[in-house]
Amino acid sequence: MQLSNKFHLKAKNIKLIIFDVDGVLTDGGLYFSDKGIELKRFNSLDGLGIKLLNQNGIETAIISARSSKNVMYRMKNLNIKHFYQGQDNKIVAFNNLIKKLSLKTEQVAYIGDDIIDLPVMRKIGLPIAVSNAHELIKKNAYFVTEKIGGHGAVREVCDLLLKSQNTYNKTMEKYLT
């Protein structure tokens, strides 16, 4: 994958990355047991990528339109301190978050997949779409992943951010020795 210098310049300044959940951190499917219990499939590669971002000083957050206990469980497991569920208007949570963290909009990346993500994506420095996102999301994204949501797209972005911020090689050293 050949990325422009412009991408690396934008990515170099990212202090916060926000993830949508359904279709980005998951495959977008809604699974229910016979008893009506909702299940979600998360990708472990994505999870480690998020942990690596946190270890390298990049804040992570989620803003999701839906609410579920399993998302709360996964966010605690990944040590994501900033998570907003039940957000039909994601701008409200976004504004709260950047104010809370004292960040400028150009210091924020966002990964989305559907039109509910557009209002935030159009306000930030690095809007990203997963490859199976809605066409309007792809058109408004600065970068589109090669992988699909829930299948390593988040990890792809995490690695790119670490590389752009020159922390990838040092981060990987401990796994290569």
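# Questions about a predicted fold

Visitor: The side chain of Asn132 reaches a backbone nitrogen at 3.0 Å; which residue owns that nitrogen?

Guide: Keep in mind that this is a predicted model: local features need pLDDT of at least 70, side-chain atom pairs count only at pLDDT 80 or more, and totals for chains, interfaces and linings use all residues. Residues are numbered from 1 along each chain as its sequence is written, while side-chain values rest on heavy atoms, with hydrogens and water left out. Asn132 touches Lys138, Ile148 and Gly149, leaving aside residues up to four places away in sequence (contact means heavy atoms within 4.5 Å). Of the residues named there, the one whose backbone nitrogen the Asn132 side chain reaches is Gly149.

Visitor: Is Asn132 buried, partly exposed or exposed?

Guide: Asn132 sits in the loop between β7 (126-129) and α7 (135-139); helices (H or I, at least four residues) and strands (E, at least two) are DSSP runs, numbered from the N terminus. Its C-alpha is 7.2 Å from that of Asp113, 19 residues apart along the chain. Buried means under 20% relative accessible area, exposed over 50%, and partly exposed in between (1.4 Å probe, protein chains only). Asn132 has a relative accessible area of 40%, so it is partly exposed.

Visitor: Which side chain makes a polar contact with that of His82?

Guide: His82 belongs to strand β5 (residues 82-84), and its relative accessibility of 8% makes it buried. Beyond four places away in sequence, it touches Glu59, Thr60, Ala61, Ile62, Leu97, Lys100 and Leu101. A polar contact is a pair of N or O atoms within 3.5 Å; within protein, one must be able to donate a hydrogen and the other to accept it, and residues adjacent in sequence count only if both atoms are side-chain atoms. For His82, the side-chain partner, at 3.0 Å, is Glu59.

Visitor: Why is helix α8 described as largely enclosed, and how many of its residues are buried?

Guide: Helix α8 (residues 153-164) has 12 residues and spans 17 Å from its first C-alpha to its last, close to the 16 Å expected at 1.5 Å a residue (the expected span is 1.5 Å times one less than the number of residues). Its buried residues include Arg155, Glu156 and Asp159 as well as Leu160, Leu161 and Leu162. The helix is largely enclosed by the rest of the structure because the number of its 12 residues that are buried is 11.

Visitor: What is the phi of Asn166, just after α8?

Guide: Asn166 lies in the loop between α8 and α9 (168-176), and its relative accessible area of 63% makes it exposed. Its phi is positive although it is not a glycine. The value is about 55 degrees.

Visitor: How is the aromatic pair classed: stacked, tilted or edge-to-face?

Guide: A search of the whole structure finds 1 aromatic pair; rings of Phe, Tyr and Trp (its six-membered ring) pair if their centres lie within 6.5 Å, and planes under 30 degrees apart count as stacked, over 60 as edge-to-face and the rest as tilted. The pair links distant parts of the chain, with Phe7 in helix α1 (residues 5-12) and Phe143 in strand β8 (residues 143-144), 136 residues apart. Phe7 is buried at 4%, and Phe143 is buried at 7%. The ring centres of Phe7 and Phe143 are 5.3 Å apart and their planes meet at 50 degrees, so the pair is tilted.

Visitor: How far is the charged end of Lys163 from the centre of the ring it sits over?

Guide: A charge sits over a ring if NZ of Lys or CZ of Arg is within 6 Å of the ring centre and within 35 degrees of the ring normal. Lys10 does this with Tyr142, at 5.0 Å from the ring centre. Lys163 sits over the ring of Tyr168, and the distance to its centre is 4.7 Å.

Visitor: What is the radius of gyration of the chain?

Guide: The chain has 9 helices and 8 strands. The globule rule (2.2 Å times the number of residues to the power 0.38, with the radius taken over C-alpha atoms) gives 16 Å for 177 residues. The chain's own value is close to that, so it is as compact as a globular protein of that length, with a radius of gyration of 15 Å.
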